[in-house]
Amino acid sequence: MKESLGTTGLILNEPLLWGKGKKGRRAFSLPRRDVETFLLNEDLTGEGPDFPDLSEVDVVRHYTRLSTWNFGVDTGMYPLGSCTMKYNPKTNERQASLPGLAGAHPLLPGSLSQGTLRMMFELERYLSEITGMDAVSLQPAAGAHGEFTGMLLIYAYHKSKGERRSKIIVPDTAHGTNPASATLCGYQSIPVKSNEEGILSPEAVAKVMDEDTAGIMVTNPNTLGLFEENIKEIAEIVHSKGGQVYCDGANMNAVMGIVHMGEIGIDVLHLNLHKTFSTPHGGGGPGCGPVCVRKHLEPFLPVPRVIEENGIYSLSEDIPESIGRLHAFYGNFGVMIKAYSYILSMGANLKKASQLAVLNANYIKEKLKDVFHLPYDRPCMHECVFSDKIQEANKVTTLDMVKRLMDYGFHPPTIYFPLVVHGAIMIEPTETESKEDIDLFIEALKAIALEAKENPDLLHDAPSRCKVKRLDETTAARKPCLAG
Amino acid sequence: MKEISDLNLPEDVCYTEDHEWARPEDDSVRIGISDYAQDQLGDIVFVELPEIGDTYEAGEEFGTVESVKAVSELYMPVGGEILAVNLDLEESPGLVNESPYNDGWMIEVKPGDPAELDDLMTSDAYLEALKGEE
Amino acid sequence: MRYLPHTSEDIAAMLKIVGADNLDDLFSMIPEDCRRTGKLDLPESMTEWELNDFMGELSDSMAVSPEYKVFMGAGSYEHYIPASASYLLGRSEFVTSYTPYQPEMSQGTLQAIYEYQTLVARLLGMEVANASLYDGATALAEALLMAVRVTRRNKVAVSSLIHPLYRRVVQTYFEPSGYEIVELPYLENGKTDLSKLNGMDDLAAVAVQSPNFFGCIEDLKKIGEMIHEKKTLFVTSFTEPLAYGLLKNPGSQGADIACGEGQSFGIPRSFGGPALGMFASKMKYVRSMPGRLIGKTKDLDGKNGFVLTLATREQHIRREKATSNICTNNSLCALAAAIYMASVGGTGMRELARLNYDKSEYLKSELKKAGFKISFDSPTFNEFVVEFPAGFENTYKRLLEKKIVAGLPLAPYYPEFSNHYLLCATETVAKDDMDTLVREVKL
């Protein structure tokens with residue numbers, strides 16, 4: 001094996017912000033005062049916030065030190081399943097910070113904001129081409145927001161037919177956001193189990209689908225990394241009872257240019273620009289969760305919508321059946337710029353990206369399936385799911401193994417999800433990892449499997465090379481300390 | 001996690017399939033969760049309990065118990081009015097782990113129909129049921 | 001393609017291991033009738049240099065400062081962002097990481113967001129703040145849904161002086177639930193009319209924005225006192241957090257939940273997003289709060305560290321019973337706000353807020369001197385409403401040609417206010433530019 005990536009560098013300690021600084025310091029150049037002081041009723045004024053006063057050097061060192069305790073895609077491989085942690089191109093950041101885009105006020109008159117409107121209009125068109133859907137709204141601010149929007153669209157669709165349905169079908173492999181979004185829309189989630197092959201069977205769906213059921217929320221490819229092969233038949237069953245098919249597009253990175261979502265029976269789909277379209281996740285957002293719909297749901301899309309007439313772009317509120325607004329303005333525009341810039345840079349290479357993402361995942365699956373238990377031994381899409389069944393004999397769990405992976409210089413995969421696999425280890429390499437890096441990752445996992453047999457305590461005590469060791473989450477939850 | 005043979009299943013309480021226990025006392029019934037339930041959940045960090053005076057039917061949800069990464073609903077073994085709740089759990093939810101049948105009790109109920117207790121399992125029956133779950 | 005590292009030899013070697021003849025074979029499990037025929041119809045891929053030119057043109061078509069003088073706030077404010085803040089925010093360890101599910105490898109994000117929660121709680125005078133929501137509008141919707149959960153009542157009252165677009169988001173969120181929204185009218189002085197609240201004893205929440213959409217500072221304390229005896233929660237909203245550098249904070253005025261937009265703190269306007277939903281409440285309601293929370297704890301060696309906590313509220317554990325469906329939030333924007341608050345500091349925040357107040361007061365007084373009517377006599381922060389003479393639209397258009405945006409016309413939001421404009425002046429507006437504006441509107 002090549003030399004491991006993981007090592008111990010010099011990790012600097014850094015106190016909390018308010019443990020630094022001195023009254024009277026400042027890291028901000030206060031603008032020159034060119035107006036006099038005006039009277040203000042003292043009853044209205046408070047004492048001002050109790051913030052520390054820091055110098056610019058204090059602030060810069062503080063956040064620089066903190067940043068070194070983090071691991072990002074730029075640091076190394078981040079194979080977090082269902083999160084598509086692909087490389088985030090730097091040119092996208094540059095475009096998003098262009099002064100005309102970053103500095104634009106959202107309520108500028110249309111004549112003064114043609115650039116931003118055109119960009120949104122075109123991005124909608126590109127996303128509709130990539131997914132095979134007819135119309136797009138970019139407004140939802142993240143995936144879960146997109147799911148909620150999708151549920152509202154389905155709700156509005158039924159309402160327009162004079163119906164109010166009370167249930168929605170959610171497979172057991174779904175992300176937790178799915179049932180939570182359904183609840184926000186007043187739907188009761190009806191669980192349906194996937195079959196022994198890890199996918200939905202039409203019979204299982206037919207059993208629960210009825211005329212009080214608004215539709216189904218599928219994730220395709222699903223969270224086991226498998227394509228829902230029966231999707232067309234399932235869609236027909238749902239449609240035959242007047243239901244709608246919602247697709248969680250979290251895993252779209254597997255099928256760009258390969259599957260036409262509209263033609264397989266999907267009525268509404270959300271995308272995560274912060275997954276498939278390479279915008280950085282920022283340690284938890286901002287994301288962007290556009291919804292893509294077939295023609296019959298277009299009248300319900302959120303307002304405002306960007307329209308074009310004779311080369312002039314404008315925002316239209318004149319959508320009488322619209323579900324309304326979901327964001328104060330138009331959503332996370334800054335994130336849209338990055339996705340737009342990515343699509344313009346990639347062009348038709350997007351299909352190649354999906355192909356390589358799937359190649360990488362299958363390669364890992366083949367290389368590791370003798371070392372870790374593979375609950376569904378079938379060709380996978382862009383991610384593969386193992387479990388800790390083999391290592392259980394040595395009293396080593398998934399958690400122990402992935403914590404040890406940190407010592408080898410990799411971010412852990414997604415663990416204990418999907419819930420249908422006990423001790424799941426869900427690996428999504430993405431297309432931007434090279435064969436050499438993937439080989440190194442495979443070697444590390446093999447070494448860990450060996451350690452699990454020979455020296456399990458090494459794993460129980462892992463990680464040993466990070467800023468901190470395992471943390472006491474029980475006390476954190478029993479006696480929450482949420483502010484200093 | 002404990003082996004089934006290591007579980008503490010006292011005989012002076014009756015059990016439900018959802019792993020609550022109920023112990024008849026003078027005019028009331030004390031209720032908590034079994035050793036098996038606390039062991040499965042792991043370190044308990046929060047117990048949400050009802051208000052005194054509320055009434056619930058047997059099988060109805062009366063609260064939740066949380067570990068760091070899981071939430072379980074609590075169901076009434078017998079119906080009735082809540083007479084008391086264990087306020088010590090607010091500060092020390094870990095009592096449910098340390099002493100599930102004594103200091104870690106959850107609520108005290110005035111049963112609407114004491115005969116409902118007869119529908120619950122004895123410790124032997126509960127042990128058999130747990131073996132079946134394995 | 002420079003983001004795809006695979007050479008043809010790599011691909012061949014990997015396909016061999018996988019047992020596929022070519023890349024298309026990898027998709028053999030997808031039924032034929034689910035496969036797409038034909039190519040993606042997208043523009044030919046651009047080189048980095050072509051992309052720079054193209055995006056540069058889009059950017060140049062926009063009306064932004066310093067070329068344009070934009071006297072417009074209304075929920076999106078121009079404030080100076082120090083170079084050090086932008087630079088730190090670009091650290092790729094922050095930018096390219098995921099949600100900190102693995103705390104040992106994410107202590108940077110975790111400590112930074114814990115500090116953010118603390119600074120927000122201190123700014124708003126509240127006990128606990130979450131790790132962020134999407135924006136001020138969704139934060140308000142979530143606050144009202146939280147009040148419904150806490151009180152188990154299903155009616156809320158919302159001031160008509162809350163940002164009109166926020167109220168529309170609340171409507172969208174409430175529509176399928178059937179919860180009722182009562183709108184509180186406004187008074188002639190530009191503050192919320194509370195008379196409707198008399199006799200309403202079954203409200204989950206009363207929501208008021210201060211400074212409100214007209215810029216006016218509300219009597220929060222009075223409202224809190226009015227409703228607390230009815231066990232109604234007091235929700236305060238805001239679009240301009242800088243106001244609390246100077247004004248009494250919502251917590252000191254009795255707010256149970258304080259929520260709003262944090263864009264002013266180091267986040268570019270970026271055509272309205274990404275922004276920052278700030279959200280804080282009293283500690284006793286923490287288990288009903290939406291969104292992520294970061295807590296302080298110790299590691300195995302007794303060293304301080306930070307983790308995501310109270311996660312049982314959230315969708316990935318509680319699924320359909322979660323307090324919200326939110327997962328990805330606006331973490332990097334929260335980090336931007338934290339760096340900004342740290343940079344400006346306590347003393348600086350007060351001075352900066354005062355300067356903002358004085359700038360807008362100057363513009364107000366000059367407009368008054370020039371004979372225009374200031375619509376409301378209540379004290380304001382940063383922005384205010386002015387009534388221009390009938391037919392001002394033409395002047396407005398003429399000013400656009402001169403690269404001046406003379407505020408936001410109110411009529412689309414409040415049809416009764418034709419010829420009324422909401423004007424904003426922050427620390428970024430020079431006295432000369434305000435003088436020019438006043439001169440031009442007089443013409």
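**Group meeting: interfaces in a predicted model**

Hi everyone, let me start with the contact between chain C and chain A, which takes 179 residues from chain C and 206 residues from chain A. Please keep in mind throughout that this is a predicted model.

How much area is buried between chain C and chain A? It is about 16,500 Å², and carbon and sulfur atoms give 65% of that area. Turning to polar features, the rule finds 10 salt bridges across the interface of chain C and chain A. To pick an example, R26(A) and E351(C) form a salt bridge in which the closest N and O atoms are 2.9 Å apart. There are also 86 residue pairs in polar contact across the interface of chain C and chain A, with both residues at pLDDT 80 or more. Which element gives the largest share of the side of chain C that touches chain A? That would be α10(C), with 27 residues. Sorted by class, the side of chain C that touches chain A holds 94 nonpolar, 48 polar and 37 charged residues.

Next, a helix in chain C. If you look at α7, residues 164-174 of chain C, you will find it mostly covered, with nine of its 11 residues buried. Among the buried ones in α7(C) are P164(C), L165(C), Y166(C) and R167(C), and further along the helix V169(C), V170(C), T172(C), Y173(C) and F174(C) are buried too. What covers them? From chain A, the cover includes α5 (143-160). From chain C, it includes α6 (136-151) along with the strands β3 (155-159), β4 (180-184), β6 (233-238) and β7 (257-261).

Now let's go inside chain C. Chain C is divided into domain 1, made of 69-81 + 345-442, and domain 2, which is 83-341. Their C-alpha centres lie 27 Å apart, and the contact takes 36 residues from domain 1 of chain C and 38 residues from domain 2 of chain C. Between them, these two domains of chain C bury about 3,000 Å², with 63% of it on carbon and sulfur atoms. Three residues of domain 1 are worth pointing at here: I81(C), F381(C) and Y414(C) supply 24% of the area that domain 1 of chain C buries against domain 2 of chain C, more than any other three residues.

How many salt bridges does the rule find across the interface of domain 1 and domain 2 of chain C? It finds one. For your displays, R269(C) forms a salt bridge with E78(C), and there the closest N and O atoms are 3.9 Å apart. The rule also finds 13 residue pairs in polar contact across the interface of these domains of chain C, both residues at pLDDT 80 or more. On the side of domain 1 of chain C that touches domain 2, the elements giving two or more residues are α10 (331-369) and β12 (383-387) of chain C. Of these, α10(C) gives the most, with eight residues. That side of domain 1 divides into 21 nonpolar, nine polar and six charged residues.

Last stop, chain A and chain B. Here five residues of chain A are in contact with nine residues of chain B. The area buried between chain A and chain B is about 560 Å², and carbon and sulfur atoms give 45% of it. In chain A, E473(A), T474(A) and R478(A) lose the most area to chain B, together 74% of what that side buries. The rule finds two salt bridges across the interface of chain A and chain B. In a salt bridge here, the side chains of K479(A) and E91(B) meet at 3.7 Å, N to O.

Thanks for listening, and I'm happy to take questions.

Note on methods:
Residues are numbered from 1 along each chain as its sequence is written. Chains are lettered from A and ligands numbered from 1 in the order in which they are written. This is a predicted model: local features need pLDDT of at least 70, side-chain atom pairs count only at pLDDT 80 or more; totals for chains, interfaces and linings use all residues. Side-chain values use heavy atoms; hydrogens and water are left out. Contact means heavy atoms within 4.5 Å. Buried area is the accessible area (1.4 Å probe) that two parts lose on being put together, summed over both. A salt bridge is a side-chain nitrogen of Lys or Arg within 4 Å of a carboxyl oxygen of Asp or Glu. Buried means under 20% relative accessible area, exposed over 50%, partly exposed in between (1.4 Å probe, protein chains only). Helices (H or I, at least four residues) and strands (E, at least two) are DSSP runs, numbered from the N terminus. Domain bounds come from an automatic or database domain assignment. A polar contact is a pair of N or O atoms within 3.5 Å; within protein, one must be able to donate a hydrogen and the other to accept it, and residues adjacent in sequence count only if both atoms are side-chain atoms. Ala, Val, Leu, Ile, Met, Phe, Trp, Tyr, Cys and Pro count as nonpolar, Asp, Glu, Lys and Arg as charged, and the others, Gly among them, as polar.
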